[in-house]
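Student: I would like a close look at a single part of this protein. Please take me through it step by step.

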Amino acid sequence: MIKNARGFTLLEVLIALLVFGLIATAAAEVGSQYISSYERVRDKTLAGWLADNRINELRLQEDLPGISENSDDRDYGTYRWQVTTVVQGTEEPSMRRVEVTVARYTSGRTEATPVHTLSAFLGEK
């Protein structure tokens, strides 16, 4: 029998496994939050561009847009979006308030989830 044999006890191994498990769980949570944050920023950016494009389309029209509300679906990037445009009158008859809401269709859902809203005022040229 060797009297000076050295090694880890069962308790030391269990504590090491517990510490490793806690670190792995924390790392997985941070990774999950990073991916979620990335997706949120990506969606906000694309939705912002879509809303800005829609308002610029209205600005480039020859006439002031009529008071209305309409929605259309668009493919932008690799996603399907719903762009809702609301044109409202103002106290000044030669101006309109425009609000564009962009929502993204997620896989497996028929309803779009709102991502971004942009408002602007348009006037006669």
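How many aromatic pairs does the count come to? Please start there and show me what lies around it.

Tutor: A caution before we begin: this is a predicted model. The count comes to one aromatic pair. Its members are Y79 and W81. Their ring centres are 6.4 Å apart, and the ring planes meet at 80°. An angle over 60 degrees counts as edge-to-face, so that is the name for this pair.

Now take the two partners in turn. Y79 has a relative accessibility of 22%. Buried would require under 20%, so Y79 counts as partly exposed. W81 is at 0% relative accessible area, so W81 is buried. Y79 has another neighbour to note. The charged end of R104 sits over the Y79 ring, 4.5 Å from the ring centre.

Next, follow W81 inward. W81 is among the residues with the most contacts inside the largest nonpolar core. I55, V98, V100 and V102 share that description. The core has 14 residues. At least two residues come from each of α1 (10-60), β2 (79-89), β3 (95-105) and β4 (112-123). The top contributor is α1, which gives six. There is a general background to this. In soluble globular proteins, nonpolar side chains tend to be buried together.

V100 shows how the parts meet. Set aside its neighbours within four places in sequence. V100 is then in contact with A51, R54 and I55. The list also includes V83, T84 and T85. H116, T117 and L118 complete it.

Step back to the sheet. Four strands form an open sheet, in the order β1-β2-β3-β4. The pairing is antiparallel. β1 (68-76) and β4 stand at the edges. Each has a single partner strand, so one side of each is left without a neighbour in the sheet. From one strand to the next, the twist averages 20°. The helix α1 lies across β1, β2, β3 and β4. It runs at about 30° to β4.

Now go through the sheet pair by pair. Nine bridges join β1 to β2. Across this pair, D72 stands opposite V83 in β2. The two strands form a hairpin with two residues between them. In that turn, G77 has a positive phi of about 70°.

β2 and β3 come next. They are joined by nine bridges and run antiparallel. V87 has V98 as its bridge partner in β3. T84 has T101 as its bridge partner in β3. The hairpin from β2 to β3 passes through five residues.

Then come β3 and β4. Eleven bridges join them, again with the strands antiparallel. R96 stands opposite L122 in β4. Y105 stands opposite A112 in β4. Their hairpin has six residues between the strands. There, G108 takes a positive phi near 85°.

Two residues of β3 deserve a closer look. One is M95, which lies in that strand. Its relative accessibility is 30%, and M95 counts as partly exposed. M95 and G123 are 28 residues apart in sequence. In space, their C-alpha atoms are 4.3 Å apart. G123 is also among the contacts of M95, once neighbours within four places in sequence are left aside. The others are L64, T90, F121 and L122.

The second is E99, also placed in β3. E99 is partly exposed, at 26% relative accessible area. Leave out residues up to four places away in sequence. E99 then touches T84, T85 and V86, along with T117, L118 and S119. E39 is another matter. E99 and E39 are 60 residues apart along the chain, and their C-alpha atoms are separated by 24 Å.

Finally, return to the starting point. Y79 and W81 form the edge-to-face pair. Y79 is partly exposed, whereas W81 is buried. R104 places its charged end over the Y79 ring. W81 is one of the residues with the most contacts inside the largest nonpolar core, and α1 gives the most residues to that core.

Key
Residues are numbered from 1 along each chain as its sequence is written. Side-chain values use heavy atoms; hydrogens and water are left out. Rings of Phe, Tyr and Trp (its six-membered ring) pair if their centres lie within 6.5 Å; planes under 30 degrees apart count as stacked, over 60 as edge-to-face and the rest as tilted. Buried means under 20% relative accessible area, exposed over 50%, partly exposed in between (1.4 Å probe, protein chains only). A charge sits over a ring if NZ of Lys or CZ of Arg is within 6 Å of the ring centre and within 35 degrees of the ring normal. A nonpolar core is a set of buried Ala, Val, Leu, Ile, Met, Phe, Trp, Tyr and Cys residues joined through side-chain atoms within 4.5 Å. Contact means heavy atoms within 4.5 Å. Two strands pair if DSSP finds at least two bridges between them. Axes are lines fitted to C-alpha atoms, for helices over the stretch in contact, and angles run from 0 to 180 degrees between N-to-C directions.
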